[in-house]
Amino acid sequence: MMILAQVAESIVPTGLYASSTMELKWLLCVTLLILGLVDVQTHDVEEDHGDDVIDIEDDLEDGVEEVEETKPEASSPPPSPKVTYKPPVPTGEVYFVENFDKGTLEGWVLSKAKKDDTDDEIAKYDGKWEVEEMKDTKLPGDKGLVLISRAKHHAISAKLTKPFIFNTKPLIVQYEVNFQNGIECGGAYVKLLSKTAELNLDQFHDKTAYTIMFGPDKCGEDYKLHFIFRHKNPKTGKYEEKHAKRPDADLKTYFTDKKTHLYTLVLNPDNSFEVLVDQTVVNSGNLLNDVTPAVNPPREIEDPDDQKPEDWDERPKIPDPDAVKPEDWDEDAPAKISDDDAVKPEGWLDDEPEYVADPDAEKPEDWDEDMDGEWEAPQIANPKCESAPGCGTWQRPMIDNPNYKGKWKPPMIDNPNYQGIWKPRKIPNPDFFEDLEPFKMTPFTAVGLELWSMTSDIFFDNFIICTDRVVAEDWANDGWGLKKAADGAAEPGVVGQMMAAAEERPWLWVVYILTVALPVFLVVLFCCSGKKQPSAAEYKKTDAPQPDVNEEKEEGKDKADEEEEEEEEAESNEDKQEEKQKSDADVGSASQEEEEDEEEEEEDGKPTSEVKTKFWCSLSRSGDHVGGPLVIFNDYIA
C-alpha cells in the first residue's frame with residue numbers, strides 16, 4: 001500500500017493526489033474481496049466435484065481385487081487406484097500369532113464353564129464369537145474375532161506354540177481392538193494363562209490362573225488400560241495381584257471414536273515396562289516402584305500389640321487456665337435485635353391477611369365430609385397485597401446486635417505437656433522378603449479372552465506374542481498400519497473435519513466466524529481508511545509547495561482542454577530551457593550578493609537573529625501555461 005501511495009504521489013499532481021490515493025485504495029479493496037470470493041467459490045466447486053474424480057472410500061468398499069490389466073478405451077479415464085489387503089506375516093520368531101484371515105476359529109477353544117456364585121441364567125459362558133469383517137471396513141478381506149452377544153459372559157482361548165518362560169528376553173504382547181458400537185460397560189483385555197497342571201481351556205473362567213492381564217476396560221465414565229500381573233510370594237507361595245499405575249494420558253478417545261487401536265505391552269528383563277497405544281507410549285515405569293501394592297513388603301511394621309499410654313497428651317493447644325472472663329461480658333445478649341430506626345412503609349395494609357381463600361375454587365363432587373372432613377377452599381396470595389408494600393401486622397426488621405459477644409471461652413495457648421501424635425513402635429516384619437527380579441513371573445502357555453460386555457460387536461485382530469520389538473513393529477505396520485492408511489484415505493478433508501468437529505462442539509462456530517471475520521475487517525479497515533490531508537496552516541509552517549487553488553478548479557475541466565494545454569506546453573519547452581539558463585545566472589548573482597551582505601553584517605557585529613525566508617514560485621495560468629524563471633525573494637524580518 002505504501003509503494004502504491006509513493007507511485008501515485010510521483011505521478012499524480014499534488015492537487016489530485018488525495019482523490020487518486022482514495023481511488024487506488026478502493027480499487028485494491030474491491031480486488032481483494034473479489035479474489036477472496038473467487039477462491040471460496042473455487043474451493044466449493046472442488047469439494048462438490050471431488051467425489052467425481054476419486055472416491056477412495058467407494059473403491060475400498062467395492063472389494064479386494066487386484067487391478068487387472070485391460071485395454072483402456074480411448075474415451076475412458078484410467079482406473080482409480082485400489083487398496084488390496086494382504087494378511088500380515090511375522091518376520092521373526094513368535095510364541096503366538098493370529099490374524100483370523102482363515103475365516104474360522106481353528107485353534108481356539110470356546111469355554112463351557114460356569115461362573116461360581118452366580119445365577120444359573122447368567123452363569124454360563126454362552127456368549128457368541130464369530131470371525132468376520134468389520135461392519136464399516138475399509139479393507140475388504142481383513143477379518144477378525146468379533147464378540148457378538150451383549151449382556152453375556154464370553155470366554156475363548158488358544159494355546160501358544162510353546163510356553164513363554166521369563167528369563168533374559170523381553171515379553172511383547174500386542175493386538176488390535178475396535179469398539180464398533182462404542183462401549184457402555186465392558187472390557188477388551190487379554191489374559192496370559194499360567195502354565196499349571198490344572199489348566200483346561202475347555203473350562204476357562206474368571207478364576208483360572210493367569211500371569212498377566214492387559215488391555216482396555218470401561219464402565220461408566222471410568223476409562224482404564226489394565227496392566228496387572230500376579231506375583232508369587234516366595235515365603236508363603238501365595239499369589240497377589242499387582243496393578244500398574246494409571247496412565248496420565250486421556251484414554252476416552254480410544255473407547256469412543258470407533259477406530260481400530262493397537263495395544264502393546266513391553267516388559268523388559270530389567271523390570272521396566274511400557275504400555276503403548278497406536279505405537280505411542282501412554283504409560284511406563286518399573287515393576288519394583290510403580291505398581292500397587294508394592295512387590296516387596298516393608299522391612300518393619302507397626303507392633304500390633306503396642307498400646308498408647310493413658311497419660312499421653314496429643315493436644316497441641318489447650319485453654320489458658322489463668323484467663324478470666326471480663327466483667328462486662330454479657331453472655332445472655334441476643335445475636336439479633338429489632339431495628340428501632342425502622343419505619344412502617346406507607347400504604348401498609350394492616351387489616352389485610354397475606355393469604356385468602358381462593359374465591360374460584362369449588363368443592364369436588366366426590367368430596368365426602370364424613371370421610372374427608374369439612375371442605376375448605378385452598379389459600380392463595382391476597383391480590384390486594386400485590387400493589388401494597390405489605391399486608392398483615394407490621395413488625396420491625398431484625399438486625400445484628402452490636403453488643404453481642406456470645407459465650408465466653410478462654411483463649412488457647414500452647415500445651416506445655418504436648419507429646420505429639422502417638423504411633424505404635426516399629427518391629428521387624430516377620431513376612432519381609434526381597435524379590436529384585438519380579439520380571440521372572442510364572443510361565444504362561446495360553447492366551448484367553450474372558451469378558452462381560454453390555455455392548456456387542458467388539459472387534460479383535462492381529463494378536464502377536466514375541467520377544468523382538470522389531471518383529472512386533474513389522475507385524476503392526478503390515479496389519480494395523482494398513483487399516484490406519486485406509487481409514488485416513490477415506491476420511492473427509494480439512495473442511496469436512498472442521499464441520500464434523502463443530503457439530504460435536506457448537507462453540508467452534510464462534511471460533512470459525514471470528515477467524516474469518518477478523519481478517520476481512522482488518523483488510524476493509526486498511527483499504528478504506530483515507531489519508532489525512534495537511535491543512536493550509538501546516539503548509540505555512542514549512543517550505544513544502546502548496547497546491548494552487550486554480551489547480552483544484554482545473555480538475556473539473558474537459559479532457560480536450562487538458563490535451564490542448566499539453567500541446568501548448570510542448571511548444572513552450574524550448575523557451576523554458578532558455579529561461580532556465582537565465583534563471584540559473586540570476587540565482588548565482590543573488591547568492592553572491594547574499595554572501596556579501598552576511599559578511600558585512602558579521603563585520604559590523606550586528607545580531608543575526610533575523611529569519612530569512614525564501615519563496616520559490618512558479619508562474620502558471622489557466623489554459624495558458626507559461627513557465628517563467630524561478631524568482632528568489634529574500635526577505636529579512638527583524
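Modeller: A polar contact is a pair of N or O atoms within 3.5 Å, and within protein one must be able to donate a hydrogen and the other to accept it. Please keep in mind that this model is predicted.

Biologist: Thanks! What makes D468 a partner of V470 at the start of α7?

Modeller: A side-chain oxygen of D468 comes within 3.0 Å of the backbone nitrogen of V470. The cut-off is 3.5 Å, so this pair of O and N atoms counts as a polar contact.

Biologist: Which residues of helix α7 are buried, and how do you know whether they line one face?

Modeller: In α7, residues 469–478, the buried ones are V471, A472, W475 and A476. Viewed along the helix axis, they fall within an arc of 135 degrees, so they line one face. In general, an α-helix has 3.6 residues a turn, so residues three or four places apart point the same way.

Biologist: Why is H261 called buried?

Modeller: Buried means under 20% relative accessible area, and H261 has 5%, so H261 counts as buried. H261 sits in strand β12, and its side chain makes polar contacts with the side chains of D257 at 2.8 Å and D278 at 2.7 Å.

Biologist: What makes the pair Y175 and F214 edge-to-face?

Modeller: Their ring centres are 6.3 Å apart, with 85 degrees between the planes. Rings pair if their centres lie within 6.5 Å, and planes over 60 degrees apart count as edge-to-face, so Y175 and F214 meet both conditions. Y175 lies in strand β6 and F214 in strand β9, so the pair ties together parts that are 39 residues apart in sequence. Y175 and F214 are both buried, and they belong to one aromatic cluster, whose members include W108, W129 and Y263.

Biologist: How do you know that E93 and K162 form a salt bridge?

Modeller: Their N to O distance is 2.6 Å. The limit is 4 Å between a side-chain nitrogen of Lys or Arg and a carboxyl oxygen of Asp or Glu, so E93 and K162 qualify. E93 is in the loop between α3 and β1 and K162 in strand β5, so this salt bridge ties together parts that are 69 residues apart in sequence.

Biologist: And R425 with D306: which of the two is buried, and which partly exposed?

Modeller: D306 has a relative accessible area of 19%, which is under 20%, so D306 is buried. R425 has 48%, which falls between 20% and 50%, so R425 is partly exposed. Their closest N and O atoms are 3.2 Å apart.

Key: Residues numbered from 1 in each chain as written. Predicted model: local features only at pLDDT ≥ 70, side-chain atom pairs only at ≥ 80, totals over all residues. Heavy atoms only, no water. Buried < 20%, exposed > 50% of the residue type's maximum accessible area, 1.4 Å probe, protein only. Helix = DSSP H or I, 4+ residues; strand = E, 2+ residues; numbered from the N terminus. Arc of directions from axis to C-beta. Phe/Tyr/Trp six-rings, centres within 6.5 Å; stacked < 30°, edge-to-face > 60°.
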